[in-house]
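Dear colleague,

I am handing over a structure for you to look at, together with notes on what was found in it. Please read the notes with the model open beside them.

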Amino acid sequence: MTVFLWRCRALPAIIRSYSLSYKTNLKAHSMEKPTAYFRLTDGYDTFQVSFLFKNETLNIERECNFNRKLDERVGDFLNRVKVNIDKLKSSKRKNKKQKVLTDLELDSSVSSAGLFQDGTLIDSETICRDAIFCYKSAKNLSLNINDVQYSVSINAPWVNELCLPSSMLAGFFIYPSKFNVLFSEQKDCSFTWFRKKCKQAPKSDDPGWQKVGEGFVYTVENEDVGYYLKLTCVPSNNELKGPEASTVSSGLIEAGPGLCPFEDRHPFTQNRLSGNEFRVMTYNILSDIYTETAEALSHLFHYCPRYALKIDYRKQLLIKEILGYNADLIFLQEVDDWFFNRDLKYVLGLTNYEGCYAQKGSTVREGVACFYSKDRFRLLHSESIILGEEIQNNPCLSELWEVIGRKEALKLRVIERHTTLQILTLESLDKSDELLVVANTHLYFHPDADHVRLIQGGIAMKYITEYIGKLKKETPNRNVSLIFCGDFNSVPECGIYKLMTTGLVPEDYIDWNSNKEEAVEGLSLSQPWKIASACGTPQFTNFIQEFSGCLDYIFYQTDRLAVTQVVPLPTEEELRQHTALPSVVFPSDHIALIADLRWSS
């Protein structure tokens with residue numbers, strides 16, 4: 001016999017203990033009709049139950065939460081409910097012993113609990129899975145506790161985590177730093193923002209909260225400085241609406257850092273492009289992984305105030321900067337996986353961007369991301385490879401692999417790198433005959449690794465060339481153009497830039513000898529595409545105290561595309577205003593590159 005269970009798929013990370021950073025408001029729902037919320041997530045052998053228990057005699061009003069086994073008997077589950085309720089009542093009585101209590105208050109009767117279907121008591125020996133979550137059993141259930149009847153709601157939308165960031169700046173966008181919802185999606189939830197000024201941190205149910213906005217994102221105004229913020233969320237889906245959850249900021253809204261240099265660049269991009277033109281941006285946004293290390297705090301970024309290194313501060317600047325460029329294609333490097341999933345995907349999605357993420361290999365929790373405007377492009381295909389893995393298995397890379405394999409130290413250094421290459425095929429919605437192949441990478445960094453980066457560049461270009469060859473065979477009547485963006489960790493004098501812009505790196509090029517023990521012999525690289533750097537070779541795209549130079553590029557195919565605008569970069573004076581990058585006004589140690597391109601045919 002087939003048994004249908006009420007379940008909903010969710011990521012394992014979503015199932016966790018109840019967070020103290022938010023509060024589920026079951027009180028509001030209980031005023032309509034008391035409800036017990038039962039939740040079962042696909043892939044788990046436990047279910048959760050939440051309800052509001054009230055006892056006016058003992059002045060109890062408490063949210064009760066249970067996590068129980070699916071194969072538990074109904075009687076055992078109900079006994080646990082009764083025991084917990086009695087403990088709650090007993091604790092309240094002990095707190096009242098010093099007061100004069102009435103006979104009613106001294107009543108110590110044991111609680112009762114029963115599970116009913118259509119008014120009939122369910123046998124205590126029945127398994128919870130069968131009694132509650134089987135399709136036929138899941139209707140008209142009620143949970144009776146003492147003299148209160150709770151209607152049972154199964155898998156109603158439920159906010160599992162809701163938290164506001166620790167830093168909130170006037171003039172920037174604020175949104176939940178953590179948000180997880182079960183049996184719903186963020187787009188189907190209702191969000192409301194409130195503010196309150198008081199001397200001590202307020203509670204969510206305190207009176208006096210003033211409504212200031214709606215939606216997932218709130219733009220903090222100057223008049224909000226000195227206030228606490230509260231956010232409420234009502235989760236819903238097509239069938240059900242769940243209980244409201246709320247969270248209150250841990251600190252006050254603060255004044256912003258003043259005018260950020262990237263805001264002087266926004267006037268060049270205030271209008272969105274259309275038709276034959278589109279805008280491209282590439283930006284290494286500085287992973288949170290690399291700002292929290294002892295090396296970063298004491299040496300690498302010692303000149304940056306610690307609060308300005310924290311991601312809750314930096315991401316406010318990053319989001320405002322990125323959105324202000326109105327790019328049609330956004331290429332990002334050093335993207336933490338959680339930052340992509342919790343922040344970028346949601347916030348950029350509100351302005352109709354769709355994103356793809358490619359994590360580095362091994363256990364590295366950062367990678368590259370590409371976002372495209374759904375108003376301008378349609379995604380046909382996306383994939384990613386780890387360069388050090390691909391070279392070992394792909395026949396088109398056999399020549400490279402044969403040369404590298406001659407030296408064990410060189411081979412190990414190449415294959416142990418976790419560098420990823422991301423490739424997307426996009427169809428223009430304005431010019432249906434035009435396809436874009438866009439690639440994104442962040443090459444390996446080390447002072448003696450010019451040869452490794454050149455090998456990685458060779459792997460990437462050979463793979464891209466084979467990829468485009470297959471695409472052209474599949475779409476013979478479409479034009480295919482190439483854009484390759486990223487942090488190449490290579491100045492213009494390096495072999496990477498030469499490979500891209502001239503198409504050839506000979507076997508006697510200096511980069512092959514950047515490490516004597518790993519020197520590459522008998523290898524030259526070539527690529528067939530006519531490519532140039534859209535932004536040329538700026539003096540700086542990376543600017544820290546110990547190094548400054550051009551490492552980032554937007555490479556484009558010159559026989560298919562043309563540059564119509566390059567957004568000016570900040571001046572050296574602006575970069576040195578706070579010693580170096582990052583700073584209170586620059587959220588990364590890199591500078592975003594932005595260029596407008598058009599199809600030349």
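The count comes to two cavities of 30 Å³ or more, where a cavity is, on a 1 Å grid over the protein atoms alone, a set of points where a 1.4 Å probe fits but cannot get out, and a volume is the space filled by probe spheres set on the points, which are joined across faces, edges and corners. Please bear in mind that this is a predicted model, in which local features need pLDDT of at least 70 and side-chain atom pairs count only at pLDDT 80 or more, while totals for chains, interfaces and linings use all residues. Residues are numbered from 1 along each chain as its sequence is written, and side-chain values use heavy atoms, with hydrogens and water left out.

The largest cavity holds about 60 Å³ of space, and its lining (residues with an atom within 4 Å of a point) includes F262, R265, Y283, E321, Y325 and H590. This lining divides into eight nonpolar, two polar and two charged residues, with Ala, Val, Leu, Ile, Met, Phe, Trp, Tyr, Cys and Pro counted as nonpolar, Asp, Glu, Lys and Arg as charged, and the others, Gly among them, as polar.

Turning to pockets (open sets with protein on both sides within 12 Å along at least five of seven lines), the second largest has a volume of about 790 Å³. It is lined by 32 residues, of which E334, H442, F445, H446 and N489 lie nearest its centre, and by class the lining has 14 nonpolar, nine polar and nine charged residues.

There is also an open sheet of six strands, in the order β19-β20-β18-β17-β32-β31 and with mixed pairing; strands are DSSP runs of E of at least two residues, helices runs of H or I of at least four, both numbered from the N terminus, and two strands pair if DSSP finds at least two bridges between them. The edge strands, each pairing on one side only, are β19 (353–359) and β31 (561–566). Five bridges join β31 to the antiparallel strand β32 (residues 593–599), and L561 has W599 as its bridge partner there. Helix α6 (residues 311–324) packs on the sheet and touches β17 (277–284), β18 (329–336) and β19, contact meaning heavy atoms within 4.5 Å.

With regards

Terms used:
Axes fitted to C-alpha atoms, helices over the stretch in contact; angles between N-to-C directions.
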